[in-house]
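Visitor: I have a model open on the bench computer and would like to be taken through its interior, one question at a time. Could you begin with the terms you will rely on?

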Amino acid sequence: MSPSASSTSGPAPRFAVVGVPGNRRVALFQDAVRAAGLPAARVVSWLDVLRGEAAFRPGETVRMDSPGEDAEVERLLRAVVDPTRVEGTALWYARFTEAVRVVARAVAASGAVLLDDPGDVAVLFDKRLCHAVLDDAGVRVPASPTSGAAAPVVRDWVDVRERMTAHGMPRAFVKLAHGSSASGVLAVETAGPGRVRATTSVERDTAGRLFNSLRVRRCTTEREVAAIVDALAPDGLHIERWLPKATQCGRAADLRVVVVAGRATHAVVRTSHSPMTNLHLGGTRGDLDDVRAAVEAAGGSWSEALALCERAAACFPDTLCVGVDLLPATGWRRFAVGEVNAFGDLLPRLTGLPGSGAEGQDTYAAQVAAVLNRARNHRATATS
């Protein structure tokens, strides 16, 4: 059970959340705040941040949430009218990370406390930088020729093809450096000159514009793959080796593991017949008990798999909560980290892992509890 406001001595934290008013993420966080016996969080909209109108109050604990699912915010960040368009992620990244810095400066000036570090956010939203940080920390990640700020820029399909060949990658994921929710992702397979196919949710119209679709499809010619990659490349691309995944019930499987205050608290299995397991692209939740059993039967360690996620999260020590994409290798014995997500906690109705300290709590309640515990420990230290 979450610590309640009445179970702590001294004033309880007062929350503010930077997000999209009325959005399900904000609503779920508000539910967790109220369940802990605290006053409702004050909502500061991303629109106010982008218009220079955001303000914070002394003593507030400020949590940032996703700016997604708001057409006007999307227009201001990406300069697109249709939010299903894929292009514009480099501009989105530049404007969003600046907005995060604006929040951080306003929070500091007001005497509030921010739960998300702007430097961490900047790395988390650049797959090339995030990959390098994890790799440098000894966290197992898929091999990549685009890892780190010093890696050569990928200009087009020719560059992608050359790097896949040079690094012995007949199969690779090609991703937008600043993409999310599988936007702009291609799972590319090659088998000799001219033999190329890719699985993607990107749709390309007759004018060459790219759109996100909820339908995963197969591109079967190099010309088609090249056209999509060439259109994506100006926004920045990241290439990773396509690791063969373990399966559950004949479907490729991976996991989203939420880490709160350094501890793996929640995990969900995602399975799909396609290389992309995202639930909005037709992926389905798998059986976590079966995963644990499969790992132990293979001679692996479920606790070590969770510890890998915690090591990945430890690369971002000034951010309260991240979502780690955990990739199980064929056979369920070994794992790698695919990505770390700043806003990877939207897992409605999922309660905490046994022994995590978040049993019975959803991901938002676990974050509220972590803040309350931190405040209680801080007061205990101050009075000792």
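Guide: Buried means a relative accessible area under 20%, and exposed means over 50%. Please keep in mind throughout that this is a predicted model.

Visitor: With that cut-off, is Phe15 buried or exposed?
Guide: The relative accessibility of Phe15 is 4%, and the limit for the lower class is under 20%. Phe15 therefore counts as buried.

Visitor: How many aromatic pairs does the whole structure hold, and what is the geometry of the one formed by Phe15 and Phe29?
Guide: A search of the whole structure finds eight aromatic pairs. In the pair of Phe15 and Phe29 the ring centres are 5.4 Å apart and the planes stand at 85°, and planes over 60 degrees apart fall in one named class. The geometry of this pair is therefore edge-to-face.

Visitor: How many residues apart in sequence are the parts that this pair of Phe15 and Phe29 ties together?
Guide: Phe15 belongs to strand 1, residues 14-19, while Phe29 belongs to helix 1, residues 24-35. Phe29 is buried as well, with a relative accessible area of 1%. The pair thus ties together parts whose separation in sequence is 14 residues.

Visitor: Which residues make up the cluster of linked ring pairs that includes Phe96?
Guide: Phe96 forms an edge-to-face pair with Phe125, at 5.5 Å centre to centre and with 75° between the planes, and both residues are buried. Phe96 lies in helix 4 (residues 89-110) and Phe125 in the loop between helix 5 and helix 6, so this pair ties together parts 29 residues apart in sequence. The cluster linked by ring pairs consists of Trp46, Trp92, Phe96, Phe125 and Phe343.

Visitor: Which element gives the most residues to the largest nonpolar core?
Guide: That core has 61 residues, and the members that touch the most others are Trp46, Leu134, Leu255 and Val340. Contacts of Trp46 include Val18, Met64, Val73, Phe96, Ala99, Val100 and Val103. Another core, of 26 residues, lies apart from it and has Leu115, Leu347, Ala365 and Val371 among its members. The element that gives the most to the core of 61 residues is, with eight residues, helix 4.

Visitor: Which residue caps the N-terminal end of helix 7?
Guide: Helix 7 spans residues 157-166, and its buried residues are Trp157, Asp159, Val160, Arg161, Arg163 and Met164. These buried residues pack against strand 5, strand 6, strand 7, helix 8 and strand 9. After the helix comes Gly168, with a positive phi near 60°. At the N-terminal end, a side-chain oxygen lies 3.2 Å from the backbone nitrogen of Val158, and the capping residue that supplies this oxygen is Asp156.

Visitor: Which charged residue sits over the ring of Phe173?
Guide: Phe173 is in strand 5 and is buried, at a relative accessible area of 11%. Its contacts include Leu186, His238, Trp242 and Met276. The charged end that sits over this ring, 5.8 Å from its centre, belongs to Lys175.

Visitor: Which residue of strand 9 stands opposite Lys175?
Guide: Five of the six residues of strand 5 are buried, so this strand is largely enclosed by the rest of the structure. Strand 5 pairs with strand 6 in the antiparallel sense over four bridges, where the partner of Arg171 is Glu189, and Arg171 also lies over the face of Trp242, at 3.8 Å from the ring centre. Strand 5 and strand 9 likewise run antiparallel, joined by five bridges. Opposite Lys175 in strand 9 stands His238.

Visitor: Which residue in the hairpin of strand 14 and strand 15 takes a positive phi?
Guide: Eight of the eight residues of strand 14 are buried, with Cys321, Gly323, Asp325 and Leu327 pointing one way and Val322, Val324, Leu326 and Pro328 the other. Strand 14 is joined to strand 11 by six antiparallel bridges, with Val257 opposite Val324. Six bridges also pair strand 14 with strand 15 in the antiparallel sense, and there Gly323 has Asn341 as its partner. In that hairpin, which has six residues between the strands, the residue with a positive phi, near 100°, is Gly331.

Definitions and conventions. Residues numbered from 1 in each chain as written. Predicted model: local features only at pLDDT ≥ 70, side-chain atom pairs only at ≥ 80, totals over all residues. Heavy atoms only, no water. Phe/Tyr/Trp six-rings, centres within 6.5 Å; stacked < 30°, edge-to-face > 60°. Helix = DSSP H or I, 4+ residues; strand = E, 2+ residues; numbered from the N terminus. Buried < 20%, exposed > 50% of the residue type's maximum accessible area, 1.4 Å probe, protein only. Lys NZ or Arg CZ within 6 Å of the ring centre and 35° of its normal. Core = buried A, V, L, I, M, F, W, Y, C linked by side-chain atoms within 4.5 Å. Contact = heavy atoms within 4.5 Å. Polar contact = N/O pair within 3.5 Å; in protein donor to acceptor, adjacent residues only side chain to side chain. Pairing = 2+ DSSP bridges. Lists of a residue's contacts leave out its neighbours within four places in sequence.
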